[in-house]
Amino acid sequence: MLNREEIEKIKDLLSEKKKIVITTHYNPDGDAMGSSLGLYHYLKSKKHNVCVITPNIWPSFLDWMPGTDHCLAGDNHLKKAARLLEEADIIFSLDYNALKRTNELADLIGSAKGTKIMIDHHIQPDGYADYTYSDIAASSTCEMIYEFIKVLDEKVSISKECAECLYTGIMTDTGSFKYSSTTSKTHLAVADLIEQGAKNTYIHHKLFDTNTYERMRLLGFCLSEKLTLLNEYHTAFIALTSAELESFNYKKGDTEGIVNYALSIGEINFSAIFIERDNEIKISFRSKGSFDVNSFARNHFEGGGHHNAAGGKGAETMDETIMRFIQLLPQYKQALALHE
Ligand code: 5GP
Ligand code: MN
């Protein structure tokens, strides 16, 4: 948590009506949207002038989240985003640890004069913010926002909308409460959010039971045709070209979670999915146990994230990217063989 002095200063900043912009990372996921919208609802209830700017549009399976109609996707409204950021008294950076994760917004946020507050759980946060609340052990940025609101405002009554948003991010970032980052504190927060009106079954349904037929067929294709095992290295990967994605009428979010299926094979400790999109190869890495995918992504694929879940990218062709990936594995052979 931030120290006492920092909390008092932030309380002071928020003690009168402010212009506030909340930003999050490119390709926002459940935690990015949940933390941004959760904080949005809280600050709105305190009568601030608030908006959420995402670097690009969120996947449509998150459209139902309360407040998305007030979010601005920066890549389609760059001028408006620039003006809002320039005029902001306070800019929040949620669920990202480096400005470059906001793509086109990075320079605008970097040069804006407002007070910058970063709240994030990714490893190795950049130091650009005036206040940095970083907790790499936290299950999600949503859990941190829950704590942040409670510290700012001890008597707070969290609204149903805020509770639904925070619940969503905690659920998605913990793999429905199964990852090792899930603690008793996480469950206590979630219990309170349910008390405040978050309907757990409804949210689960909105996130996991609204697949399209095409997405299911894409998943089947990935598992039956595209899954490659490298048993010697306890590694599995899937690669999808843009033509393959198009043939399944790909929509943003359709590949979300597929990398976890590869990791669910017993002897596999490391999985990756390579996706050809926007003229680059977007990569997701997942691991079980001690193999550190944050370092792997950081060192080899311009990325980062968490110990067991990270992302990155490659500027080469798909074949070259995969070749480079495979050639990296021998140096990690020992680490990849470990289960714990
Ligand atoms: P995903 O594979 O689902 O895109 O991302 C997994 C985790 O790594 C998420 O927490 C995400 O925010 C983070 N992540 C994804 N790509 C990058 C990246 O390029 N850089 C950093 N620092 N983190 C990333
Ligand atoms: Mn997160």
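In which loop is S176 found? In this predicted model, S176 is located in the loop between α6 and α7 (184-195). The phi angle of S176 is near 55°, a positive value in a residue other than glycine. With a relative accessibility of 29%, S176 counts as partly exposed, because partly exposed residues fall between the limits of 20% and 50%. A positive phi is also found at E302, where the angle is near 50° and the residue is again not a glycine. E302 belongs to the loop between α12 (293-300) and β11. The relative accessible area of E302 is 53%, so this residue is exposed.

The manganese ion, ligand 2, is coordinated by four residues, namely D31 (OD), D95 (OD), H121 (NE2) and D173 (OD). The coordination distances run from 2.1 to 2.3 Å. Along the sequence, the donor residues follow the spacing D-x63-D-x25-H-x51-D. Two of these donors, D95 and D173, are 78 residues apart and link distant parts of the chain. D95 is placed in the loop between β4 (90-94) and α4 (106-111), whereas D173 is part of helix α6 (residues 160-173). D95 has a relative accessibility of 1% and therefore counts as buried. D173 is likewise buried, with a relative accessible area of 18%; the value qualifies because buried means under 20%.

Ligand 1 is surrounded by 15 residues, and the closest are R101, H122, S284, R286 and G304. Two of these residues face oxygen atoms of the ligand through their side chains: an N or O atom in the side chain of R101 is 2.8 Å from a ligand oxygen, and for the side chain of H122 the corresponding distance is 2.7 Å. At G304 the contact involves the backbone, with a polar backbone atom 3.0 Å from a nitrogen atom of ligand 1. On its own, ligand 1 has 500 Å² of accessible area, of which the protein covers 84%.

The shell around ligand 1 is made up of 2 nonpolar, 9 polar and 4 charged residues. Strands β10 (280-287), β11 (304-305) and β12 (309-314) each contribute at least two residues to this shell. At the level of domains, residues of the shell come both from domain 1 (4-208) and from domain 2 (213-336), so ligand 1 lies between the two.

Technical notes. Residues numbered from 1 in each chain as written. Chains lettered and ligands numbered in written order. Predicted model: local features only at pLDDT ≥ 70, side-chain atom pairs only at ≥ 80, totals over all residues. Heavy atoms only, no water. Near = heavy atom within 4 Å. Polar contact = N/O pair within 3.5 Å; in protein donor to acceptor, adjacent residues only side chain to side chain. Areas by Shrake-Rupley, 256 points an atom, 1.4 Å probe, with all protein chains shown as cover. Helix = DSSP H or I, 4+ residues; strand = E, 2+ residues; numbered from the N terminus. Nonpolar A, V, L, I, M, F, W, Y, C, P; charged D, E, K, R; others polar. Domains from an automatic or database assignment. Donors = N, O, S within 2.8 Å, 3.2 Å for Na, K, Ca; no water. Buried < 20%, exposed > 50% of the residue type's maximum accessible area, 1.4 Å probe, protein only.
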